[in-house]
Amino acid sequence: MANYVIKEMPEGMGNGKKGRIFPKMQVYTEFDYEKVVELIHTNSPAFSQATIRGVLDTLGVVMKDYLPMGHTMKIDNLGVFSLALEFADEKAETGTQQNASEPKTKYRHVKVKGVNFKVDKKLIKAINKENSFERIASNPSPRSPYSLEERQQRALQHIDKHGFITLQEYANLSRLSYSTASRELSRLVADPNSGIKAKGAGSHKVWVRNI
């Protein structure tokens, strides 16, 4: 079951004078690239993780090459990708003309603002069919009950007992989200005094004593 919270738009925004309320998805974890590869492999084990990485990396390259050529990219059951542009000239962005005699339509330099994504309605329908949403009173606090030093010591104790610690184990042990735990381990590895270093790569990556 998915959770959501009720938010209120600040006054002055939206159509009404009073802030409009709206539901917002409660997000607990941001899966990184390696976790996405792992999840795809779990759902389709016939494809190796190396193959999945190759496809995802190549998709990024194809989008980089073909979206600027005026193409959109449709992936069934996911959605359509297209480029969004903006003026590169700040004065053109604000509508200010450098010369009053210049027409507004005079050629300006543009750049990519972002990538638009229009979701496939079949994906929305499938999500609604397979899930129900429950309201929670407020956002649960993502703060760990342990200090950074305590989390570091708990990780080292786990490593001493088991020989290594995984990302998920560190997240569970520290009461952190998956993404927060990942960023924190990266900072610990960068600190030569933490006593922790990374070993392996991808789904086989673990953290061990830095002896």
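**Exercises on burial, pairing and a pocket**

Alanine 126 is partly exposed, with a relative accessible area of 30%. This value, like those below, is computed from a predicted model.

**Exercise 1.** Justify the class assigned to alanine 126 from its relative accessible area, and place the residue in the fold.

*Solution.* Step 1: a residue is buried under 20% and exposed over 50%, with partly exposed in between. Step 2: the relative accessible area of alanine 126 is 30%, so the residue is partly exposed. Step 3: alanine 126 belongs to helix H4, which covers residues 121-130. Step 4: its C-alpha atom is 9.2 Å from that of asparagine 77, although the two residues are 49 apart along the chain.

**Exercise 2.** Determine whether asparagine 3 is buried or exposed, and describe its contacts and the pairing of its strand.

*Solution.* Step 1: the limit for a buried residue is 20%. Asparagine 3 has a relative accessible area of 17% and is therefore buried. Step 2: leaving aside residues up to four places away in sequence, asparagine 3 touches Met25, Gln26, Tyr28, Glu134 and Ile136. Step 3: the residue is part of strand E1, residues 2-8. Step 4: E1 runs parallel to strand E6 (residues 133-135), joined to it by three bridges, and pairs with strand E2 (residues 21-25) in the antiparallel sense over five bridges. Step 5: tyrosine 4 stands opposite arginine 135 in E6 and opposite methionine 25 in E2.

**Exercise 3.** Test whether the span of H7 agrees with its 13 residues, and state what its buried residues pack against.

*Solution.* Step 1: the expected span is 1.5 Å times one less than the number of residues. Step 2: for the 13 residues of H7 this should be 18 Å; the end C-alpha atoms are 19 Å apart, so the two agree. Step 3: the buried residues of H7 are Tyr178, Ser179, Ala181, Ser182, Glu184, Leu185 and Leu188. Step 4: an α-helix has 3.6 residues a turn, so residues three or four places apart point the same way. Step 5: the buried residues of H7 pack against H1, helix H5 (148-162), H6, strand E7 (196-199) and E8.

**Exercise 4.** Characterise the largest pocket by its volume, its lining residues and their chemical classes.

*Solution.* Step 1: the volume is about 330 Å³. Step 2: the largest pocket has 15 lining residues, and Leu167, Tyr178, Gly202, Lys205 and Trp207 lie nearest its centre. Step 3: two or more lining residues come from each of helix H1 (33-43), helix H6 (167-174), helix H7 (178-190) and strand E8 (206-209). Step 4: by class, the lining comprises four nonpolar, six polar and five charged residues.

Note on methods:
Residues numbered from 1 in each chain as written. Predicted model: local features only at pLDDT ≥ 70, side-chain atom pairs only at ≥ 80, totals over all residues. Heavy atoms only, no water. 1 Å grid on protein atoms, 1.4 Å probe; cavity = no way out; pocket = protein on both sides within 12 Å on 5 of 7 lines; lining within 4 Å. Points joined across faces, edges and corners; volume = space filled by probe spheres on them. Helix = DSSP H or I, 4+ residues; strand = E, 2+ residues; numbered from the N terminus. Nonpolar A, V, L, I, M, F, W, Y, C, P; charged D, E, K, R; others polar. Buried < 20%, exposed > 50% of the residue type's maximum accessible area, 1.4 Å probe, protein only. Contact = heavy atoms within 4.5 Å. Pairing = 2+ DSSP bridges.
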